[in-house]
Amino acid sequence: MKSTTQFQNHTISSEATEGTPQSDDHRMQPERRRVLRMASAALLSAPALIGIARAQGGGAMSMTMKGMSSERGTSGMPPRTAAAFRRALAIPPKLTGELDNGVRRYSLRAQSGVSTLVDGASTPTWGYNGAMLGPVLSIPRGQPVHITVGNALAQSLTTHWHGAIVPGDADGGPHSPIQPGSTLDYRFTLDQPGATLWYHPHTEYRTGAQAYAGLAGMLLVDDGIDRKLGLPHTWGVDDIPVVVQDRRIAANGQLLYMTETMRDLMGMKGDRFLVNGREQPYVEVPAQRVRLRLLNGSNARSYNFALDDGRPFNVVASDSGLLARPAVARALLLGPGERAEIVVDLSRDQGRALTLQSRSGEVAHLLGSSPDDSDQWDLRTFDLLKLLVARPTGAPASLPATLADIEALPLTDAPVRRITLQGMSSGAMMPMHDGVDRGAAPNSGPGGMSLGIAGQKLFSMNHRFFDMRIVDQHVLLGSVEIWEFSNNREMAHPLHIHGVAFHVVSRNGNPPPEWERGWKDTVLVRRGETVRVGMRFTRPADAAHPYMFHCHILEHEGNGMMGQFTVG
Ligand code: C2O
Ligand code: CU
Ligand code: CU
């Protein structure tokens with residue numbers, strides 16, 4: 001089948017080969033096959049810089065489909081192990097802002113550039129203040145900040161402060177676009193515990209493509225408590241940012257986005273694993289306690305973080321701040337958008353090397369049950385970052401038994417909002433087959449640039465697709481509520497709520513694991529699971545700038561699985 005989509009002077013041609021032995025197609029249920037065939041008629045648009053594989057001979061699509069089951073993945077690049085751990089981890093600079101009349105000023109500019117993501121290849125990428133990713137914004141708690149975000153790209157974008165509890169009009173959601181060549185000023189004061197947050201675009205229909213091109217960075221709320229506690233806090237020495245992302249890269253170095261229609265519609269996953277924008281790097285760390293700030297900045301892939309020798313580590317913080325006490329774990333599953341800070345004791349490891357891995361195969365059954373929900377990497381263990389343990393610094397950090405006082409929310413009488421998740425998944429994937437008629441997605445974007453299929457979006461909540469003109473929920477300012485996400489389908493969805501930090505109250509009625517008992521803003525709702533979160537809404541958001549709640553698989557977010565709410 002052949003399809004052509006027009007976007008910004010680029011013609012995207014794709015040709016899916018029927019009956020290719022290694023293709024996914026024949027493993028799918030008939031309904032799903034039919035839907036996915038429709039899908040290539042509305043192939044996703046991507047930023048102009050992202051190379052959508054051009055037809056080469058028999059067509060890029062058939063080429064990538066043939067490669068799907070091979071070790072080399074789909075990119076035509078050399079096997080990834082060949083280049084592993086050759087380059088040092090990039091440590092992004094930490095900006096503390098310029099003090100100006102009691103206000104801290106920061107500035108970011110989205111721009112294009114060229115990066116070496118994988119050894120030996122030049123890749124056109126986008127970044128903030130550079131070619132890829134962005135600086136780490138360190139923002140002191142309680143101090144007014146003023147962030148100017150400029151847009152030097154040829155398309156509009158927004159920039160959202162993920163996890164920051166700021167009013168809706170400073171939240172950077174899809175209602176706050178920054179046009180090419182212009183800037184937008186954000187003014188807010190963070191009054192929330194020290195935490196590892198992040199920022200990324202939140203542009204209608206384009207969040208996935210823009211983040212994939214490289215636009216993302218960490219944002220730290222600094223309340224000084226980690227230093228007081230003696231936790232590792234020397235940036236780039238024993239306090240290491242670890243932004244994990246997967247990408248698919250063509251032989252000529254170009255990023256490939258949504259080039260395998262079948263599986264990519266479930267969420268864009270790549271076969272090259274980057275940490276801070278470099279493939280499988282190494283970092284030298286001292287033989288003492290080391291803190292890794294893990295951010296799953298991938299569009300769609302979950303990681304089950306572990307060390308290769310299986311040693312236990314201490315989780316000290318979840319998305320939105322320190323835990324009450326360190327939680328011991330040997331593996332930690334983080335969905336897209338989630339963060340955790342872990343402390344690894346390396347005091348007896350001088351001269352040794354350890355590898356941070358994802359033991360994905362051990363959790364694959366929690367995330368999906370269909371072969372299309374998991375690719376080959378989701379079914380195995382793979383490497384992310386090598387830790388080379390060198391001499392201690394002479395300023396070893398400690399790990400106190402108590403870290404924070406976590407406020408207990410008055411949840412007993414709290415009202416419950418119920419949100420059901422409808423994901424496209426085997427046997428139950430199409431909203432049009434679930435007996436609810438909601439018509440075609442009305443807002444498929446200029447030129448039909450929706451991620452949706454033939455005008456029909458694929459992922460919904462409460463059987464509704466995201467519509468920027470419709471506010472889905474109204475919340476009272478200051479109220480405490482429970483939101484219940486039920487996922488009776490086959491695929492896991494990381495749910496994120498703007499403007500709040502929440503407690504995970506229960507998973508299928510059971511208390512969450514220790515490491516999930518702190519403040520969070522994103523929670524992985526696994527297949528067949530009902531997860532309750534409780535929170536207090538402390539900042540206002542009006543209908544002109546409502547907050548979003550959505551799945552953080554960015555292709556689901558862009559494909560309908562998002563809602564908006566006001567607080568007032
Ligand atoms: Cu990380 Cu609504 O986003
Ligand atoms: Cu957010
Ligand atoms: Cu999802």
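Donors are the N, O and S atoms within 2.8 Å of a metal (3.2 Å for Na, K and Ca), and sites may look incomplete because water is not among the atoms. The structure is a predicted model, in which local features need pLDDT of at least 70, side-chain atom pairs count only at pLDDT 80 or more, and totals for chains, interfaces and linings use all residues. Residues are numbered from 1 along each chain as its sequence is written, chains are lettered from A and ligands numbered from 1 in the order in which they are written, and side-chain values use heavy atoms, without hydrogens and water.

The copper ion (ligand 3) has as protein donors His493 (ND1), Cys551 (SG) and His556 (ND1), at 2.0 to 2.1 Å. The spacing of these donor residues in sequence is H-x57-C-x4-H. Because His493 lies in strand β30 and Cys551 in strand β34 (residues 547–551), this pair ties together parts 58 residues apart in sequence; strands (E, at least two residues) are DSSP runs, numbered from the N terminus. His493 is buried, at 0% relative accessible area, and Cys551 is likewise buried at 0%, where buried means under 20% (1.4 Å probe, protein chains only).

For the copper ion (ligand 2), the protein donors are His160 (NE2) and His496 (NE2), lying 1.9 Å from the ion. His160 belongs to strand β9 (residues 160–162) and His496 to β30 (residues 493–497), so parts 336 residues apart in sequence are tied together.

Strands β30 and β34 belong to an open, mixed sheet of five strands, ordered β28-β35-β34-β30-β32. Two strands pair if DSSP finds at least two bridges between them; β34 and β35 (residues 562–567) pair in the antiparallel sense over four bridges.

Technical notes: Buried < 20%, exposed > 50% of the residue type's maximum accessible area, 1.4 Å probe, protein only.
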